[in-house]
Amino acid sequence: MMLSELRAGQAVLRQAALVRVQKVGVTSKGGVFARGILEDNSGHVAFICFEASLAEKMRGLEGPKAFLVSGTVDINKIANDMSLQLMVNGLAELVPGDDISNLVPTGDFDVEAYKNKLMNYIKAIHTPTLRRLLETMFSGNLYDAFVHNPAGMKLHHAYIGGLLQHSIDVTDLAVAMADRIEGVDKDLVIAGALLHDIGKVKEISSEIGFPYTNAGRFMGHIAMTSMMVQEAAMKLNISSQRLEQLQHILLSHHGENEKGSPVACATREAFIVHYADEINAIMNQFEQREGKGTWEYNRMLGRNLLMEKL
């Protein structure tokens with residue numbers, strides 16, 4: 001059974017689900033409660049738990065974790081929208097052999113075709129040192145992680161292979177803009193678009209729930225990307241001006257300081273990669289819908305989105 005198939009009044013026994021705890025607190029009567037979200041590949045459902053031992057167990061979680069969950073499905077009276085919640089009364093640890101295939105989201109795209117596009121974009125770079133930089137970075141274990149890892153924990157491209165798909169789609173958009181705008185260094189655009197999120201291989205784990213790593217929490221993917229590129233570039237004869245321009249694209253790809261970029265966009269190439277990144281992340285929201293109506297509230301964008309034609 002998937003979470004999207006749950007119905008009010010239904011009993012749930014040892015359902016594999018990803019548990020994201022939002023709050024552990026004390027009830028008005030002095031008891032302990034925990035509430036949050038249960039997730040699988042079909043969607044999510046709210047949960048609440050009044051079992052003290054289970055609530056305390058959830059208090060100790062450092063991030064999302066998969067469990068075998070038991071309980072009863074009820075109407076979520078707090079939500080005021082007749083949505084469901086699970087009244088959790090059991091939380092069992094997973095053991096080898098448990099089927100958790102419903103907890104590993106995958107993208108609906110041709111992975112091999114995207115791998116080929118990556119290699120073709122690298123070959124299309126005319127600047128020898130930039131091309132060697134990309135060939136160096138997209139090789140070995142780093143390449144294996146890049147084509148496997150998600151691009152986010154929840155917000156966008158949060159599935160196996162999501163980082164590969166996002167990076168190539170951003171490059172497609174960036175190249176299309178570069179072809180229409182005069183005075184743009186297309187080699188820098190391609191390199192910046194392909195590399196802009198590569199630090200996410202170290203920021204976000206590909207384990208169930210895609211939790212942030214300690215290094216990711218300390219530094220974030222933008223800083224980590226810059227350091228990874230700098231380390232690789234030190235072994236190549238890349239001009240300082242060229243490297244500075246590439247680093248600027250990477251460091252400014254969120255666009256503004258308020259959005260997490262250490263510096264704001266200041267070059268044509270940086271603006272192109274930024275807007276290509278932003279529009280691709282937004283468009284991905286329309287692909288991750290859960291089929292619950294024409295309009296859906298999107299947490300990433302903070303607004304309702306029209307998901308289907310009226």
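Select T213 and G216 to begin this tour of a predicted model: the side chain of T213 reaches the backbone nitrogen of G216 at 2.9 Å. With T213 still selected, follow the chain to either side, where the loop that holds this residue runs between α7 (200-203) and α8 (214-233). At a relative accessible area of 24%, T213 is partly exposed, because the range for that class begins at 20%. Next, show what surrounds T213: leaving aside residues up to four places away in sequence, T213 touches K202, E203, I204 and S205. A distance drawn from the C-alpha atom of T213 to that of V201, 12 residues apart along the chain, comes to 9.8 Å.

Move now to helix α2, residues 111-123, and start just before it at D110, where a side-chain oxygen reaches to within 3.2 Å of the backbone nitrogen of E112, at the start of the helix. The end C-alpha atoms of α2 are 19 Å apart, which agrees with the 18 Å that its 13 residues should span at 1.5 Å a residue.

Within α2, select Y114, L118, Y121 and I122, which are its buried residues. Turn the view to look down the axis of α2, and these buried residues fall within an arc of 100°, so they line one face of the helix. In general, an α-helix has 3.6 residues a turn, so residues three or four places apart point the same way. To see what that buried set meets, add α3 (128-137), α4 (140-148), α5 (162-178) and α6 (186-195), against which the buried residues of α2 pack.

The aromatic rings are the next stop, and a search of the whole structure finds three aromatic pairs. In one of them, the rings of F109 and Y114 have their centres 5.0 Å apart and their planes at 75°, so the pair is edge-to-face. F109 is buried, with a relative accessible area of 14%, and Y114 is likewise buried, with a value of 14%. Another edge-to-face pair is formed by F138 and F146, with 4.8 Å centre to centre and 70° between the planes. F138 counts as buried at 6% relative accessibility, while F146 is buried with a relative accessible area of 0%.

Finally, return to Y114 and add K117 to the selection: which residue's ring does K117 lie over? K117 lies over the face of Y114, at 5.6 Å from the ring centre, and Y114 is also the residue whose ring pairs with that of F109.

Methods:
Residues numbered from 1 in each chain as written. Predicted model: local features only at pLDDT ≥ 70, side-chain atom pairs only at ≥ 80, totals over all residues. Heavy atoms only, no water. Helix = DSSP H or I, 4+ residues; strand = E, 2+ residues; numbered from the N terminus. Expected span 1.5 Å × (residues − 1). Buried < 20%, exposed > 50% of the residue type's maximum accessible area, 1.4 Å probe, protein only. Arc of directions from axis to C-beta. Contact = heavy atoms within 4.5 Å. Polar contact = N/O pair within 3.5 Å; in protein donor to acceptor, adjacent residues only side chain to side chain. Phe/Tyr/Trp six-rings, centres within 6.5 Å; stacked < 30°, edge-to-face > 60°. Lys NZ or Arg CZ within 6 Å of the ring centre and 35° of its normal.
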